[in-house]
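Here are a few notes from going through this model. Have it open while you read.

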Amino acid sequence: MDLINTEEMRRGKRVDLLSNIDDLIHWFQTLVHMGAFSQEQFADLAGQPDERVLNVLKPLRAIIRELFEKAANNGIPPLELIEKLEQFTKNAPFAYKYKEDRLIPVPAGSFQSSLLSLIALDALDICTSGKLPELHRCENPQCIWLYLDSTGKRKWCSMKLCGNRMKASRFKLKSEEQPGS
């Protein structure tokens, strides 16, 4: 989810938050800090994010976005997109390490193949773990973000961003409809 939400809408235009190598490194380090990736998954690899990774990551992001948007619309992940994701996992198959009572997939391949393989595996996991019904679009029509919600109560990608904007917009509209209130 973090990868597909590296694109957003600003003033009616799609903005790419992974527009250069510094953005990519910051995004990657943030995911490691958040625990989405562990140091063990990349410990034995030489390298780090570079332009080549960025050039392959964006098409992967497009595949996952299309898959999740279609799944959010009708709940059925298109098989041809799943097969494309499977190709990314074949480029860096996994071994596993035991850490803190869980198995951590550790890709065997270059940094680029390993990163892409882990992202593809995560997307495939959403498709196969029963989480597809939890996949939703933000209800702000100007937002392109998707999110997972198991409660079914959430409407926006973020209450701080779209939630506040939409509530403020509704309040303004309501105030304009009721003059003298």
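The points below take the hairpins, then a helix pair, then the largest pocket.

1. Before anything else, keep in mind that this is a predicted model, so treat the numbers here as computed from that prediction.

2. Start at the N-terminal hairpin. Strand β1 (residues 7-10) pairs with strand β2 (residues 13-16) in the antiparallel sense, over four bridges. If you want a place to check the register, Glu-7 sits opposite Asp-16 in β2. Two residues lie between these strands, and Arg-11 has a positive phi near 55° in this hairpin.

3. The other hairpin is β3 with β4. Here β3 (residues 94-99) and β4 run antiparallel, joined by six bridges, and β4 itself covers 102-107. Look for Phe-94 facing Pro-107 in β4. This hairpin has two residues between its strands, and the turn residue Glu-100 shows a positive phi of about 50°.

4. Now the helices. How do the axes of α1 and α3 cross? Helix α1 spans residues 21-34 and helix α3 spans residues 51-74; their axes come within 9 Å and cross at roughly 75°. An angle from 65 to 115 degrees counts as roughly perpendicular, so that is what α1 is to α3. On the α1 side the contact is made by Ile-21, Leu-24 and Trp-27, and on the α3 side by Glu-51, Val-53, Leu-54 and Leu-57. By class, the contact of α1 with α3 has six nonpolar residues, one charged and no polar.

5. Last, the largest pocket, with a volume of about 580 Å³. It is lined by 26 residues, and those closest to its centre are Ala-36, Phe-37, Leu-118, Ile-119 and Asp-122. Which element gives the most to the lining? That is α5, with seven residues. Helix α5 covers 111-128, and α1, α3 and β4 join α5 in each supplying at least two lining residues. So both helices of point 4 turn up again here, along with a strand from point 3. As for character, the lining divides into 18 nonpolar, five charged and three polar residues.

How values were computed
Residues are numbered from 1 along each chain as its sequence is written. This is a predicted model: local features need pLDDT of at least 70, side-chain atom pairs count only at pLDDT 80 or more; totals for chains, interfaces and linings use all residues. Side-chain values use heavy atoms; hydrogens and water are left out. Axes are lines fitted to C-alpha atoms, for helices over the stretch in contact, and angles run from 0 to 180 degrees between N-to-C directions. Angles under 35 degrees count as roughly parallel, over 145 as roughly antiparallel, 65 to 115 as roughly perpendicular and the rest as oblique. Contact means heavy atoms within 4.5 Å. Ala, Val, Leu, Ile, Met, Phe, Trp, Tyr, Cys and Pro count as nonpolar, Asp, Glu, Lys and Arg as charged, and the others, Gly among them, as polar. On a 1 Å grid over the protein atoms alone, a cavity is a set of points where a 1.4 Å probe fits but cannot get out, and a pocket is an open set with protein on both sides within 12 Å along at least five of seven lines; lining residues have an atom within 4 Å of a point. Grid points are joined across faces, edges and corners, and a volume is the space filled by probe spheres set on the points. Two strands pair if DSSP finds at least two bridges between them.
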